[in-house]
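This briefing covers a few local features of one protein model. Please have the sequence and the coordinates open while reading.

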Amino acid sequence: MIRITEIIEKAKTYLPAKDIALIQKAYVFSAAAHAGQMRLSGEPYLSHPLEVANILVELYLDGPTIAAGLLHDTVEDTSTTLEEIESQFGSQVSKIVAGVTKISKINFSSKEEAQAENIRKMILAMADDIRVVLVKLADRLHNMRTLEHQKHIKQKLIAQETLEIYAPLANRLGLYKIKVELEDLSLKYSKPEIYTQIKEGIKTHEVAGDKYINKVCKILEDILNKNKIKGRVSGRIKHIYSIYHKMETQGLTLDQVYDIIAFRVIVSSIKECYAVLGLVHALWKPVPGRFKDYISMPKANMYQSLHTTVIGPDGERVEIQIRTEEMHKIAEYGVAAHWKYKEDGTRISEKDVEKFSWLRQILDWQKELKDPKEFMASLRFDLFQDEVYVFTPKGEVKELPEGATPIDFAYLIHSQVGDHCAGAKVNGKLVPLNTPLKNGDTVEIITDPNKHPSRDWLKFVKTAKARTRIKHWIRNEERETSIALGKEVLEKESRKMGLNFQKLLKEGNFLEVAQEFSFKSEEDLFSAVGYAKITPRQILNRFLPKEEPSEKKEKEESVQTSSLGVKIKGIGDVLIRFAKCCSPVPGDPIIGYISRGRGVTIHTLDCPNVKRMEPERQLEVFWATEVKNTFPAKIKIICENKRGVLAKIANTLMESETDINSGSFHSNVDGKSEIFLTLMVESSAKLYKAISALQKISEVKEVSRLTMSERRG
């Protein structure tokens, strides 16, 4: 456990005395607040805030940030209040602590909703003070370093969240060291076998690798000396996660990953950067398409460097990064190296926000995304994507995620430009609206007031802002259509039942009925009828005499059971089909979705497609008590590639009275086999019983039910 004296000694090298006093005071307060508390490792709880503070000191952050690191868990885990923090340490420290503290006093309907709201809170807080997220990243880094003390299932969940949110966030802020460590630790706990395989593989190459690094460094140093350029050269083997990512995305084995060694040349000026690049390319042949100039076109996190891959000594691919000392400082410490805090406040200025345009975009669209699943999906996408930089016709640089299209560009300029986009020119030529934009493209949008968003745009747009605006327009348009259709259906049914629809409408009778069905307005009620969520008779029966037999009949028909064993609440006989994306089976929580011309499609409640459904077209559905059919369900088995394993799997399924409908398999980069099977089962209980039986086979390492995004066959 690190001691406060060590942290103070490091802080003294760059902080004034008043900040040192603040840190010392925060330590004493934190020690008293956490007295008697222990971590899962058995260490005193105080060890955690101390380690967090140490990470912040190593980033050379200011006194209030380090003090907040020491105090960050006091409000959440002790009886301390934010008011106490503010009175003792001032508003800067209390704001950072408030931003880091989880929302724990609200009852959320799901863990996912709680996660989304806590991330949303952090994003909003960091817009006011970027130090909030620096403390949060330091907190997550130490938790990842001590993750072995958590239960296995929690390790995987925390590792996945770290890989999806916190590592990309560190990358966006230019915190390279933190990003690399978070990625490697996430892989260690989410895919331990692959992590170990790559780690051991690197060790076997280490001796030869060190010799090669020394050889190339000597050549590069000689180039600098010969041309009288002052600088320094270093080489390293790339970190484990980056090697794994390359293996996964390119389908390679470890032996096939060539450029696992990277070199860095640090010089004094930008002019020398380009001079060294020319000298390197004169000596070694550059690999086409692998040169990137982040000096003339910096990344959103202010990262600047020249990147090139060349065929170096012995025919090996070698990646070389060339930058100045100032660029190197920002590359290592990112926003922590850049940020300057004022005595009188820390709110981000407009000029600073420009440097983090991605943060402004997140703030823009997060206000519109109310659904927690959609918010998290959009955040993951926006954080993960690499950037492309394009120009407006006036020469302004705009940043977009890789693969973005003219539609994304149009919505980035303004919502109205996106809503009325009729065409686009890229570099002066007309292009289809789904054309992916490339670095350096000049984009011009052609608008037409009579043009409107198309549902097809959702198939190719990349930015959350574009997706949200398109969905918003479609929902409004479809709502108007559904209201008109609902009124038309009600009027026709009214005539059959001897009621005067226009009179009922004029007298405002439908508002009371709408409230009975928990709708806020008549329009909501008519829209529900238009979407077939409620039958016209369910509404119109309210205006008939109590003894009218048709009301009794309606009640009898309010829940219909299909021949496929699904009950639908609120509508009569309708065509039902099961979604192929999630293949629901009896026992799964399910939801219905009204598809135009195709009746009702049944999805599992956790199907990835459910989050993209319009709420107005969702239906409450549930399984009948007795279902006699069998249903397809896909599973994935990871097992050792040994003779006879397939036979064992087949026999186990036969003993479980589970039929195999189809299957496929292939070998993995780690030497194991992946088997994909479609089973025919009567219920989810039967499926998980079969999965449990398969997990008992000694050669089988993992068995899981597949979602759409995981399927391969």
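In which helix does Lys179 lie? In this predicted model, Lys179 is part of helix H11, which covers residues 176-190. The points below take Lys179 first, then a loop residue, then a helix close to the start of the numbering, H1 (residues 4-12).

**Lys179**
- Lys179 has a relative accessible area of 15%, and it counts as buried because the cut-off is under 20%.
- Leaving aside neighbours within four places in sequence, Lys179 is in contact with Ala167, Ala170 and Asn171.

**Ile229**
- Ile229 sits in the loop that runs between helix H12 (192-226) and strand S1 (231-237).
- The relative accessibility of Ile229 is 10%, so this loop residue counts as buried.
- Not counting residues up to four places away in sequence, Ile229 touches Leu224, Val267, Glu272, Ala275, Val276 and Leu279.
- Ile229 and Cys273 are 44 residues apart along the chain, and their C-alpha atoms are separated by 9.9 Å.

**Helix H1**
- Four names make up the buried set of H1 (residues 4-12): Ile4, Ile7, Ile8 and Ala11.
- Viewed down the axis of H1, these buried residues fall within an arc of 100°, so they line one face of the helix.
- An α-helix has 3.6 residues a turn, so residues three or four places apart point the same way.
- The packing partners of the buried residues of H1 are helix H2 (17-33), helix H3 (47-58) and helix H4 (63-71).

Notes
Residues are numbered from 1 along each chain as its sequence is written. This is a predicted model: local features need pLDDT of at least 70, side-chain atom pairs count only at pLDDT 80 or more; totals for chains, interfaces and linings use all residues. Side-chain values use heavy atoms; hydrogens and water are left out. Buried means under 20% relative accessible area, exposed over 50%, partly exposed in between (1.4 Å probe, protein chains only). Helices (H or I, at least four residues) and strands (E, at least two) are DSSP runs, numbered from the N terminus. The arc is that of the directions from the helix axis to the C-beta atoms. Contact means heavy atoms within 4.5 Å.
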